[in-house]
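Colleague: Please take me closely through the helix packing in this model, and then through whatever else in the fold bears on it. One connected account would suit me better than a list.

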Amino acid sequence: MLNEKYEKLTSILRELKKVVVAFSGGVDSTFLLKAAVDTLGQENVLAVTADSETYPSRELEEARKLAKLIGAQHLVVETSELAIPGYIENDRNRCYFCKNSLFEHLIPIMERQGFENVVYGVIADDLNEYRPGMKAAKEKGVRGPLQEANLFKEEIRELSRERNLPTWDKPSFACLSSRIAYGETITQAKLTKVDKSEAYLISLGIRQVRVRTHQDMARIEVEPNDMAIIMENHEQISKKLQEFGYQYITLDLAGYKSGSMNKVLS
């Protein structure tokens, strides 16, 4: 079954011929880039990473290393989500504005450099989540080959492991804005304190972490096995996150949950 899905993916990529890959360096876009290069050849694939205020600073250098490992052409472009009309208001359509702007940057690159399609790392799991960015992709004609091949996250991890991609067990990550409660204005200061806080917690040995922001309160989400690390270091964590700008620091006993901020939308 998994091999059949991979064959479906390669068939879709061959149909697209020459692609620009929206490349964040995460599990899904890295696997998509690898599959595209293996299927189409280096000359027919361009990875483009959008470096913006909402992109975790620790990820950019890793994206560069991954593109080099895969042997892909790689371009980094400077973007600014905070400059997008409607974005900083942080309503339920925030991700639509973000993806729409991203594709507006990538499509001209595709046209100037002689490529034929833009693709991104949306997956089958996303069909069951609130993903307004998918609407922007459909409007712009941007394809999601992984989703079209019905590939789920765990399958992508397995295929990545088989191909010796270091991202096969990489923790999931999302843009920093996803940490800020809907309706709360997004600012550079808030994004910076989230980025610093998560980087600090990762330095303590925690793999999967979110610092959800509710005004002056940090709600830390980690996997249950890592809660002991938080408790063992609770005093220094509290002190450090207060230095970054939070007043109240809490641990969410429900643990890490992708898209937990979306609960208020249902």
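Modeller: The axes of α2 and α7 cross at roughly 50 degrees and come within 10 Å of each other. That angle makes α2 oblique to α7. Axes here are lines fitted to C-alpha atoms, for helices over the stretch in contact, and angles run from 0 to 180 degrees between N-to-C directions. Angles under 35 degrees count as roughly parallel, over 145 as roughly antiparallel, 65 to 115 as roughly perpendicular, and the rest as oblique. In handedness, the crossing of α2 past α7 is left-handed; a crossing is called left-handed if the near helix is turned anticlockwise from the far one by less than a right angle, and right-handed if clockwise. Helices (H or I, at least four residues) and strands (E, at least two) are DSSP runs, numbered from the N terminus.

This is a predicted model, in which local features need pLDDT of at least 70 and side-chain atom pairs count only at pLDDT 80 or more, while totals for chains, interfaces and linings use all residues. Residues are numbered from 1 along each chain as its sequence is written, and side-chain values use heavy atoms, with hydrogens and water left out.

On the α2 side, Val27, Asp28 and Phe31 meet Lys153, Ile156, Arg157, Leu159 and Ser160 of α7, where contact means heavy atoms within 4.5 Å. Phe31 also appears in the packing of α2 with α1. There the axes are 10 Å apart and the angle is about 65 degrees, so α1 and α2 are roughly perpendicular. Their crossing is right-handed. α1 brings Tyr6, Leu9, Thr10, Leu13 and Arg14 to this contact, and α2 brings Phe31, Leu32, Ala35, Ala36, Asp38, Thr39 and Leu40.

What does Phe31 touch, beyond residues up to four places away in sequence? Its partners are Tyr6, Leu9, Leu146, Leu151, Ile156, Leu159, Ser160, Arg163 and Leu165.

Next comes the core. The largest nonpolar core has 34 residues, and Leu9, Phe31 and Leu33 touch the most other members. Two or more residues each come from α1 (2–16), β1 (19–22), α2 (27–40), β2 (45–51), α3 (57–70) and α7 (153–162). α2 gives the largest share, eight residues. A second, separate core holds 23 residues, including Val194, Val209, Met227 and Leu241. A nonpolar core is a set of buried Ala, Val, Leu, Ile, Met, Phe, Trp, Tyr and Cys residues joined through side-chain atoms within 4.5 Å. Buried means under 20% relative accessible area, exposed over 50%, and partly exposed in between (1.4 Å probe, protein chains only).

Ahead of α7 in the chain, asparagine 150 sits in the loop between α6 and α7. Its phi is near 60 degrees, a positive value in a residue other than glycine. Most residues other than glycine have a negative phi. Asparagine 150 is partly exposed, at 37% relative accessible area. A positive phi of about 60 degrees is also found at asparagine 90, in the loop between β3 (73–78) and α4 (94–112). Asparagine 90 counts as buried, at 0% relative accessibility.

Glutamine 147 belongs to helix α6 (residues 145–148) and is buried, with a relative accessible area of 19%. Setting aside neighbours within four places in sequence, glutamine 147 contacts Val122, Ile123, Ala124, Asp126, Leu127 and Met134.

As for covalent links, the structure holds zero disulfides, a disulfide being a pair of cysteine sulfur atoms within 2.5 Å. The cysteine sulfur nearest to that of cysteine 95 belongs to cysteine 175, 5.8 Å away. Cysteine 95 is partly exposed, at 29% relative accessible area. For cysteine 98 the nearest cysteine sulfur is again that of cysteine 175, at 5.6 Å, and cysteine 98 counts as buried at 12% relative accessibility.

Last is the segment after β7 (248–251), where serine 258 is found. Serine 258 is partly exposed, at 35%. Serine 258 and serine 172 are 86 residues apart in sequence, but 8.3 Å apart in space, C-alpha to C-alpha. Glycine 259 is found in the segment after β7 as well, partly exposed at 28%. Between glycine 259 and arginine 179 there are 9.0 Å in space, C-alpha to C-alpha, and they are 80 residues apart in sequence.
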